[in-house]
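Me: I would like a close look at one part of this model, with its neighbours described as far as they help. Please keep to what the coordinates show.

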Amino acid sequence: MLSTMASIIQPTELTINETAEILRVGSVVAFPTETVYGLGGDTFNTRAMEKIYTLKGRPSTNPLIAHVLDSEEAKTRLTTGWDSRCDELVDRFWPGPLTLILNKRDEVPEAATAGLKTIAVRSPLHEVARKLLKTFGSAISAPSANRSGHVSPTCAEHVCDDFPDHPELQVLDGGPCKVGIESTVLDMTTDIPTILRSGSVTKEQLQEVLGEVNAPSIKEQAASPGTTLRHYAPTTKTILVESKELKHSVESTQDTIALLLSSNLFESLKGMVNEKYCVVMPSDPVGYAAKLYESLRKADDMNTDVIVIEKPSHSVGLWGPIQDRLQRASSF
Ligand code: TXA
Ligand code: MG
């Protein structure tokens with residue numbers, strides 16, 4: 001029987017050349033970055049941009065991030081108004097998980113920015129993404145390679161799971177993503193730069209470079225396109241519960257539960273819960289972020305009535321964007 005799934009391709013010089021060719025003819029491909037996998041197309045090809053929206057089921061009002069090899073390309077081909085603050089930011093954080101919003105050049109088709117006069121740019125760190133950008137020789141616009149609103153993919157198999165009826169889609173395999181949550185999106189068009197989406201470059205790190213940074217709360221972030229409260233969400237109803245209340249929640253429900261919890265709580269609940277339905281999360285934020293989406297997908301696949309997540313007790317540094325994603329995953 002012919003598979004209807006997307007196909008996973010190992011990155012070699014030959015397959016990266018072939019993938020770049022797919023981009024040149026205006027089609028789309030999935031590729032790894034250090035944050036999450038992206039679904040990419042040629043930024044300067046309107047048809048390719050439209051394909052991305054159709055394939056993801058993405059609202060046409062939600063703009064895309066253009067991935068570039070280096071800041072020179074962002075400066076000279078995509079944006080206007082690049083200033084010394086941008087230079088300082090990219091010196092420190094590129095290549096890496098920081099996305100900058102600037103005014104776009106007229107040459108960039110509006111299909112790449114959902115009609116906005118601004119454009120998001122980022123230079124990814126992942127070796128396979130960089131090889132693809134180098135071989136293709138131009139910017140690749142890519143949202144996360146998941147169905148719109150679903151949990152972002154952090155390995156090639158997740159992309160295939162989200163696009164079961166697309167045998168034509170090729171996914172370059174770059175292994176599991178090391179960062180595991182999406183890039184920080186920073187608007188550089190406001191007097192004081194504004195974080196539109198928190199990510200693994202933290203507010204504290206940005207403040208070290210920029211001094212003042214606006215960081216709106218999750219509710220205020222509704223001002224940013226594509227940051228609807230419910231996002232990054234499993235299909236199963238998901239709730240976020242404080243550590244000290246979790247035992248009571250588990251005892252008082254008739255529902256079947258999949259649990260994402262710390263090893264401490266796991267130890268204290270032994271005997272009370274079915275270990276098969278427990279996903280024990282790393283205690284350090286780097287490990288937690290890297291495992292978060294994989295764990296949400298795993299819990300979703302358990303087909304329980306509800307997913308209960310133990311709310312981590314920290315909120316500074318990288319725990320900030322983790323708390324943001326947990327809130328969004330559990331909002332209905
Ligand atoms: O880590 C990442 O950023 C990943 C990888 C693939 O690079 N990409 C990603 O793309 O998460 P996506 O499309 O899922 O999220 C992009 C975010 C959205 O919230 C979108 O609204 C925002 O960036 N964005 C893009 N262009 C924008 C613009 N011109 N103004 C304001 N927000 C923008
Ligand atoms: Mg996304």
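The part I have in mind is the parallel sheet that contains β15, together with the helices beside it. How is β15 paired, what packs around the sheet, and which helix pairs are in contact elsewhere?

Reply: The model is predicted, and the account below starts with the sheet, moves to the helices and ends with some backbone details.

The sheet is open and has 4 strands in the order β12-β15-β13-β14, paired in parallel. Its edges are β12 (237-242) and β14 (278-281), each of which has a pairing partner on one side only. From one strand to the next, the twist averages 20°. In general, strands of a sheet pair through backbone hydrogen bonds, in either a parallel or an antiparallel sense.

Strand β15 covers residues 306-311 and pairs with β12 in the parallel sense over 6 bridges. Along this pairing, T238 has I307 of β15 as its bridge partner, and E242 stands opposite K311 of β15. Strand β13 (residues 257-262) is also parallel to β15, and 4 bridges join the two. Here the bridge partner of L260 is I309 in β15. Of the 6 residues of β15, 5 are buried, so the strand is largely enclosed by the rest of the structure.

Helix α11 is likewise described by its burial: 9 of its 11 residues are buried, so α11 is largely enclosed by the rest of the structure. The buried residues are W319, P321, I322, Q323, D324, R325, L326, R328 and A329; the cut-off for buried is under 20% relative accessible area. The buried residues of α11 pack against β11 (194-197), β12, α10 and β15. Two of the strands of the sheet, β12 and β15, are thus among the elements that α11 packs against.

The contact of α11 with α10 can be described further. Helix α10 spans residues 285-301 and helix α11 residues 319-329; their axes come within 10 Å and cross at roughly 20°. At that angle α10 is roughly parallel to α11, because angles under 35 degrees count as such. The crossing of α10 past α11 is left-handed. On the α10 side, the residues in contact are P285, Y288, A289, L292, Y293 and L296, and they meet W319, I322, R325, L326 and A329 of α11. By class, this contact has 10 nonpolar, no polar and 1 charged residues. W319, I322, R325, L326 and A329 of α11 also appear among the buried residues of that helix.

Between α10 and β15 runs a loop that holds N303. N303 has a positive phi of about 50°, although it is not a glycine. Its relative accessibility is 65%, so N303 counts as exposed.

Away from the sheet, two other helix pairs can be set beside this one. Helix α1 (residues 13-24) and helix α5 (residues 127-136) pack at an angle of about 60°, with their axes 9 Å apart. These two helices are therefore oblique to each other, and their crossing is right-handed. The contact is made by I16, N17, T19, A20, L23 and R24 of α1 and by K131, L132, T135 and F136 of α5. It has 5 nonpolar, 3 polar and 2 charged residues.

The other pair is helix α4 (residues 84-93) and helix α7 (residues 203-210), whose axes come within 10 Å and cross at roughly 130°. This angle makes α4 oblique to α7, and the crossing of α4 and α7 is right-handed. R85, E88, L89, R92 and F93 of α4 make the contact with Q205, L206, E208, V209 and L210 of α7. The residues of this contact divide into 5 nonpolar, 1 polar and 4 charged.

Two further backbone details belong to loops. Most residues other than glycine have a negative phi, and most peptide bonds are trans. The peptide bond from W94 to P95 is cis, with omega near -10°, and P95 is found in the loop between α4 and β6 (98-104). A114 is not a glycine, yet has a positive phi of about 50°. This residue lies in the loop between β6 and β7 (118-122), and A114 is partly exposed, with a relative accessible area of 23%.

Methods:
Residues numbered from 1 in each chain as written. Chains lettered and ligands numbered in written order. Predicted model: local features only at pLDDT ≥ 70, side-chain atom pairs only at ≥ 80, totals over all residues. Heavy atoms only, no water. Axes fitted to C-alpha atoms, helices over the stretch in contact; angles between N-to-C directions. Parallel < 35°, antiparallel > 145°, perpendicular 65-115°, else oblique. Left-handed = near helix turned anticlockwise from the far one by under 90°. Contact = heavy atoms within 4.5 Å. Nonpolar A, V, L, I, M, F, W, Y, C, P; charged D, E, K, R; others polar. Pairing = 2+ DSSP bridges. Buried < 20%, exposed > 50% of the residue type's maximum accessible area, 1.4 Å probe, protein only.
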